[in-house]
Amino acid sequence: MNTPQTAPALPMPTLRSIDGILHVEDLALPAIAERFGTPTYVYSRAALTAAFEAWREALGDRRSLVCYAVKANSNLGILSVFAALGAGFDIVSGGELARVIAAGGDPAKVVFSGVGKRREEMRQALEAGIGCFNVESAAELERLDAVAGELGRKAPIALRVNPDVDPKTHPYISTGLKSNKFGVAFDEALTLYRRATSLPNLHISGIACHIGSQLLDPAPMAEAGQKVLGLVDQLAAEGITLEHIDLGGGVGIRYRDERAPTVADYLAPLLAVFAGRSETLCFEPGRSLVGNAGLLLTRIEYLKPGEEKNFAIVDAAMNDLARPALYDAWHEVVEVAPRAADAARYEVVGPICESGDFLAHDRSLAVAEGDLLAILSAGAYGMTMSSNYNTRPRAAEVIVDRDHAHLVRERETVAALYAGEHALR
Ligand code: LLP
């Protein structure tokens, strides 16, 4: 019988078991492994679209712009899906801007974040006509004015302020505290806005903040919004009126058993803060748009029983998915074709020469050598944080659209890895 059973326990909405085999949309994962090899990142177009629509619906008829944070997953295929849906983009480098343009994104809907923008990146962004520079320091403000002046253009700016609220997330990904390197202090913001009014090549367009990532509690964002609004009103009293308010990204997702709010629930208290305001509200979501729209498909090379632990050695590694090694992050690991045999507990590890090279600890799996595993919630900060450590070519990437697989990135070749290197002769 070919009736799909939905598996509500899995965080990826379009992943389901049909006749005992995991499918993304209508495509069986073993068929993808067969055709493209492993490890391969597999994304679902329907899941990407649904995640974007959830944002759009949550914002309703509010004047707003959702700028997808490219750093979460910068594959051109992913960017093109969001561009076609009308998304804007949040970038942090000239490289990301080039990707957005190559994928058909609209530069006018791009915001440029980051503490270390170089002159040539400013030039590139000005020439492309981007929507806004989110300026993070006094020095950057001066530099941007000078670069815009050289080009005879006006640079649209927002100051990224640091609202000093605790987002209660992993310390590596919380960004809105005074102790962080991001943004300008609240007290300094007024002075800098005043300074900006006297710089001839800047156009003050808005204000921005971003307090952290993988946020599950909406309260800190609403608190940050409230603080930002206070500043907006102070600025207005001085005659500095803003067109947009950018509230950053950060909405968390379910990896394991977290109670992740829906986007609508997450935004509700924040939108209440801005009820009746005319400014355009911008957001920079990354993880919540792509995280659970992707998985990493990998094959078990060896099973290695040990005295204390059993190891399932797979062909993906920390170079493909760094989050477990870096943050001790939990990613669900599921068998693609579960066996009836008794399960055992395994450390799921890669072939890299480091003890930190693990994808999951102590998981119950019923598997044999050669079986496929799906590492879930890998759509965000998976491929973009991958490396070539151990001269491992990076994985292929595929977007599934119903029963069709689009290869959106070819597997790297070893030759390509050292193509720009030179041996001394
Ligand atoms: N805007 C700014 C200014 C950001 O710094 C970030 C993320 C975002 C938007 C998007 O945040 P999201 O909606 O994805 O939470 N590598 C880490 C996450 C680092 C996030 C850095 N900034 C991880 O794998 O969890």
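**A ligand shell and two domains**

Author: At least three residues of the shell around the ligand come from each of domain 1 (4-44 + 291-417) and domain 2 (113-285), with bounds taken from an automatic or database domain assignment. This is a predicted model, in which local features need pLDDT of at least 70 and side-chain atom pairs pLDDT 80 or more, while totals for chains, interfaces and linings use all residues. Residues are numbered from 1 along each chain as its sequence is written, and side-chain values use heavy atoms, without hydrogens or water.

Reader: What makes the nitrogen of the ligand and the side chain of Glu284 a polar contact?

Author: A polar contact is a pair of N or O atoms within 3.5 Å; within protein, one must be able to donate a hydrogen and the other to accept it, and residues adjacent in sequence count only if both atoms are side-chain atoms. A ligand nitrogen is 2.6 Å from an N or O atom in the Glu284 side chain, so the pair qualifies. For Tyr327 the distance from a ligand nitrogen to a side-chain N or O atom is 2.7 Å, and for Asp90 3.3 Å. The protein buries 92% of the 580 Å² that the ligand exposes when taken alone (Shrake-Rupley method, 1.4 Å probe).

Reader: How many salt bridges does the rule find across the interface of domain 1 and domain 2?

Author: A salt bridge needs a side-chain nitrogen of Lys or Arg within 4 Å of a carboxyl oxygen of Asp or Glu. Across this interface the rule finds zero. One residue pair there is in polar contact, both at pLDDT 80 or more.
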